[in-house]
Amino acid sequence: MRYRSNASEGRAPERVADRWVAIIDDHQSVRSCLTRVMRLEGIRSAVFASAEEYLDYTAPSAPSCLVLDMQLPGMSGYTLAELLDRERPPVPPIIFISAHEDLLASVARDRLAHGSLRKPFEMDDLLALVKPLV
């Protein structure tokens, strides 16, 4: 994902129409389900099967938040979060998702985590975290 901060270039602030959610999960069924839920809620989203696919994506604006699986093939979700924090600040709010309680526990108090959900989770719980951000 390549973008530049609007503030640093003197452009107008991000418009509501520019807001979107990045969904990064290696399971097609999860990506499909989350995309469908976001669409039904009127929330724009883009899906990625890996951290590397997300990093290669070029968008006109940063996502409003990331829904990020912690266990991905190749680069892990948390490694992606650290890379974004180090190389592409500011990092959008991140909602970590995982089927592994121990992975979620490792980010419970992490400053990079806006929230975390254990798979399978209720869509209302996800939307409660996402909606204030978009």
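Reader: Why is Trp20 called buried?

Author: In this predicted model, Trp20 has a relative accessibility of 6%. Buried means under 20%, so Trp20 counts as buried.

Reader: And what makes Tyr57 partly exposed?

Author: Tyr57 comes out at 33% relative accessibility. Partly exposed covers the values between 20% and 50%, so Tyr57 belongs there.

Reader: Why is the pair of Trp20 and Tyr57 called edge-to-face?

Author: Good one to work through! A pair of aromatic rings is described by the distance of the centres and the angle of the planes. Here the centres of the two rings are 6.0 Å apart, and rings pair if their centres lie within 6.5 Å. The planes of Trp20 and Tyr57 stand at 65°; over 60 degrees counts as edge-to-face, so that is the name for this pair.

Reader: How do you know that this pair links distant parts of the chain?

Author: Look at where the two residues sit. Trp20 is in the loop between α1 and β1, while Tyr57 is in the loop between α3 and β3, 37 residues apart. Trp20 and Tyr57 also belong to one aromatic cluster, together with Phe48 and Tyr54.

Reader: What makes the pair of Tyr78 and Phe96 tilted?

Author: Its ring centres are 6.0 Å apart and its planes are at 35°. Stacked needs under 30 degrees and edge-to-face over 60, so the pair of Tyr78 and Phe96 is tilted. Tyr78 lies in helix α4 and Phe96 in strand β4, 18 residues apart.

Reader: Are these two residues buried, exposed or partly exposed?

Author: Tyr78 has a relative accessible area of 22%, which is not under 20%, so Tyr78 is partly exposed. Phe96, at 0%, is buried.

Reader: Which residues of helix α4 are buried?

Author: They are Gly77, Leu80, Ala81, Leu83 and Leu84.

Reader: How do you know that they are on the same side of α4?

Author: Around the helix axis they cover an arc of only 165°, which puts them on the same side. These buried residues pack against β1, α3, β3 and β4.

Reader: Where is pLDDT under 50?

Author: Over residues 1-14. Among the elements, α1 has the lowest mean pLDDT, 37, and β1 the highest, 98. Where pLDDT is low, the predicted coordinates should not be read in detail. For the protein as a whole, the average pLDDT is 88, and 87% of the residues score at least 70.

How values were computed: Residues are numbered from 1 along each chain as its sequence is written. This is a predicted model: local features need pLDDT of at least 70, side-chain atom pairs count only at pLDDT 80 or more; totals for chains, interfaces and linings use all residues. Side-chain values use heavy atoms; hydrogens and water are left out. Buried means under 20% relative accessible area, exposed over 50%, partly exposed in between (1.4 Å probe, protein chains only). Helices (H or I, at least four residues) and strands (E, at least two) are DSSP runs, numbered from the N terminus. The arc is that of the directions from the helix axis to the C-beta atoms. Contact means heavy atoms within 4.5 Å. pLDDT is the predictor's confidence in each residue, from 0 to 100.
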